[in-house]
Amino acid sequence: MVPEVPELKASQAVSQAVKVLTKVKTWQLTAGAATLGLVLSAVAVASAGPWDSSGQRTAEARRAASQEAGGGTDHGRDGRSAEPDAAPSARAVLAAPAGSVPGPAKDALADVLDPLLNDPALGKRRTAAVVDAATGERLYGKSSGTALTPASTTKLATAVAALSMPGSDHRIDTKTVIEPGSKAHKVVLVGGGDPTLTAHKDAGPNASLRTLADATAKELKDRDADEVALSYDTSVYSGPLLHPIGPNENIAPVSALMADEGRMDDSSSGPAPRESDPAAATARQFADLLHDRGIRTKGEPGPGRASGKAEELAKVSSPPVSALVERMLTHSDNDIAEALARQVALATDEAASFDGGGKAIRKELAKLRLPLSGSHFADGSGLDRADKVSADLLTQVLAHAVERERPGLRPVLTGLPVAGFTGTLTKRYADEADAAGIGLVRAKTGTLTGVNTLAGTVVDADGRLLVFAFMTDGTVNPGQAQAALDRLASTVANCGCR
């Protein structure tokens with residue numbers, strides 16, 4: 001498997017992008033960033049997710065500041081006045097999401113995309129769809145209803161399903177409980193499936209195993225308990241822990257209890273060595289943290305199950321699903337994807353397993369009346385080649401997220417990597433032929449050996465918001481295939497196509 005490209009710091013991404021600024025129209029950069037931003041700001045988003053932590057907002061602010069004065073708002077940087085300047089393009093930008101500017105002509109769009117889609121680098125099979133976000137009309141399609149292996153663009157479906165059920169505000173709890181009436185003080189560490197639980201000192205917005213240990217130790221001391229029998233409960237999940245691809249640095253065994261995604265190094269995204277039993281490793285960490293706080297544990301913690309009579313000692317909660325979705329999409333995080341699939345399963349009375357998660361995702365997408373012909377979800381991450389979706393499905397997933405009446409789906413858009421700036425698109429769009437897409441293309445990547453996909457949004461040269469999906473199978477050179485996909489998206493972004 002070819003892993004996704006890791007994130008670079010925003011300053012590095014900006015440095016790379018400056019070289020191609022002259023190739024992109026200044027007004028279009030403003031429209032590309034501002035139009036989608038205005039669409040999103042029409043509703044309140046519960047969490048900013050990875051925008052701040054990954055430098056997405058910082059990078060875009062620096063790019064905007066590097067443009068000529070007079071366009072956009074001045075925030076007082078670089079010695080400029082704190083008074084905001086007029087934004088001469090504001091009227092047109094605001095009008096675009098409402099559909100007041102015409103969309104591209106179908107024939108003209110086909111004239112520019114057909115030759116690019118015939119690039120041999122795109123392998124034996126390729127499908128495509130471009131849809132007008134305002135109307136939902138398909139403007140371009142090539143075998144768009146044919147289901148292919150989507151790789152990580154599967155995460156778009158997982159995201160929409162999770163934001164629908166259990167919902168954008170849902171948080172995942174990790175807790176400790178104590179069994180009543182036991183002289184041995186039986187304490188159980190109960191995993192709820194939080195994929196962002198961390199044992200690091202700096203937890204940031206994530207639930208902290210240290211905070212849980214603090215609160216648990218305090219409660220135990222209030223009960224005059226300084227020694228406990230510790231076990232851990234992962235029973236909320238069922239089925240195999242190991243993904244069908246086998247041991248792989250792109251994903252840990254999927255456990256309901258796992259700190260720092262079972263990583264055995266200090267990384268926070270991308271491939272890394274993983275614990276073979278993340279739950280046991282997390283329970284050992286927790287036992288050490290209790291010991292540091294004056295609570296001894298009897299022997300090694302082992303697997304167990306909390307009874308219905310167990311009393312809660314302490315609890316920590318994950319960021320909301322909205323933030324988890326954004327992080328999953330920006331970094332193509334497989335561990336978060338599988339955790340979210342299981343949360344959908346739990347909320348829809350399916351088994352919290354690979355199979356149950358796939359069934360639950362399909363069930364939620366069916367409620368939205370999305371085109372599911374030929375679709376199959378074998379997991380939530382897209383690592384399984386048995387996953388099948390169509391370009392029509394991917395574009396309709398994105399089109400639903402754009403709709404004003406579905407504000408709960410907005411994190412699907414805010415989490416998309418930005419070409420040349422964030423997440424898995426940080427190092428993409430480096431070629432001169434497709435550099436015009438930098439800052440304009442926002443898309444989810446998908447990469448497996450022989451499979452390359454790209455699905456996302458652009459604002460075209462006339463200010464029209466479009467969604468697209470390009471899927472390929474049978475590619476030989478991943479670099480060339482990715483460049484060809486990037487060129488397709490850049491062309492949609494820069495095409496007036498009348």
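**Group meeting: strands, helix packing and unusual backbone angles**

Let me begin with a single residue, Glu261, which lies in the loop between β6 and α9. I should say straight away that we are looking at a predicted model, and everything that follows should be heard with that in mind. Glu261 has a positive phi of about 55°, although it is not a glycine. Is Glu261 buried or exposed? With a relative accessible area of 2%, Glu261 is buried, the cut-off for that label being under 20%.

There is another residue to set beside that one, namely Asp224, whose phi is near 60°, again a positive value in a residue other than glycine. Asp224 sits in the loop that runs between α8 and β6, the latter being residues 227-233. Its relative accessibility is 69%, so Asp224 counts as exposed, whereas Glu261, as I said, is buried.

Those loops bring me to the helices, and to the pair α8 and α9. Helix α8, residues 209-222, packs against helix α9, residues 278-292, at an angle of about 50°, and their axes are 9 Å apart. The two helices are therefore oblique to each other, and the crossing in which α8 passes α9 is right-handed. On the α8 side the residues that meet the partner are Leu209, Arg210, Leu212, Ala213, Thr216 and Ala217, and on the α9 side they are Thr282, Gln285, Phe286, Leu289 and Leu290. Sorted by class, this contact of α8 with α9 has seven nonpolar, three polar and one charged residues.

The other helix pair I would like to show is α7, residues 154-167, with α11, residues 334-347, whose axes come within 9 Å and cross at roughly 40°. The relation between α7 and α11 is therefore oblique as well, but here the crossing is left-handed. From α7 the contact takes in Lys155, Thr158, Ala161, Ala162, Met165 and Pro166, while α11 brings Asn334, Ala337, Leu340, Ala341, Gln343, Val344 and Ala347. By class, the contact of α7 with α11 has nine nonpolar, three polar and one charged residues.

Please keep Met165 and Pro166 in view for a moment, for a cis peptide bond joins Met165 and Pro166, with omega about 20°. Pro166 is found in helix α7, and both Met165 and Pro166 are among the residues in the contact that I have just listed.

One more helix before the sheet: how many of the residues of α10, residues 321-331, are buried? Ten of the eleven are, so α10 is largely enclosed by the rest of the structure. Among these buried residues are Glu326 and His331, as well as Val321, Leu324, Val325, Met328 and Leu329. Just after α10 comes Ser332, which takes a positive phi of about 50°.

Now to the sheet, which is open, has five strands in the order β2-β1-β13-β12-β11, and shows antiparallel pairing. At the edges stand β2, residues 138-142, and β11, each with a single partner strand, so one side of each is left without a neighbour in the sheet. Neighbouring strands are turned by 5° against each other on average, if direction is ignored. Helix α6, residues 106-117, packs on the sheet and touches β1 and β2, with its direction making about 30° with that of β2.

Within that sheet I would draw your attention to β12, residues 451-459, a mostly covered strand in which nine of the nine residues are buried. Both faces of β12 are covered, with Val451, Thr453, Ala455, Thr457 and Val459 on one side, and Asn452, Leu454, Gly456 and Val458 on the other.

Seven bridges join β12 to β11, residues 442-448, in an antiparallel arrangement, and Arg442 has Thr457 as its bridge partner in β12. Two residues lie between the strands of this hairpin, in which Gly450 takes a positive phi near 85°. With β13, residues 465-473, β12 pairs over nine bridges, also in the antiparallel sense, and Val451 stands opposite Asp473 there. The hairpin of β12 and β13 has five residues between its strands, and Gly463 in that turn has a positive phi of about 90°.

To finish with the remaining partner of β13, eight bridges join it to β1, residues 125-132, with the strands running antiparallel, and Ala128 stands opposite Phe470 of β13.

Definitions and conventions:
Residues numbered from 1 in each chain as written. Predicted model: local features only at pLDDT ≥ 70, side-chain atom pairs only at ≥ 80, totals over all residues. Heavy atoms only, no water. Buried < 20%, exposed > 50% of the residue type's maximum accessible area, 1.4 Å probe, protein only. Helix = DSSP H or I, 4+ residues; strand = E, 2+ residues; numbered from the N terminus. Pairing = 2+ DSSP bridges. Axes fitted to C-alpha atoms, helices over the stretch in contact; angles between N-to-C directions. Parallel < 35°, antiparallel > 145°, perpendicular 65-115°, else oblique. Left-handed = near helix turned anticlockwise from the far one by under 90°. Contact = heavy atoms within 4.5 Å. Nonpolar A, V, L, I, M, F, W, Y, C, P; charged D, E, K, R; others polar.
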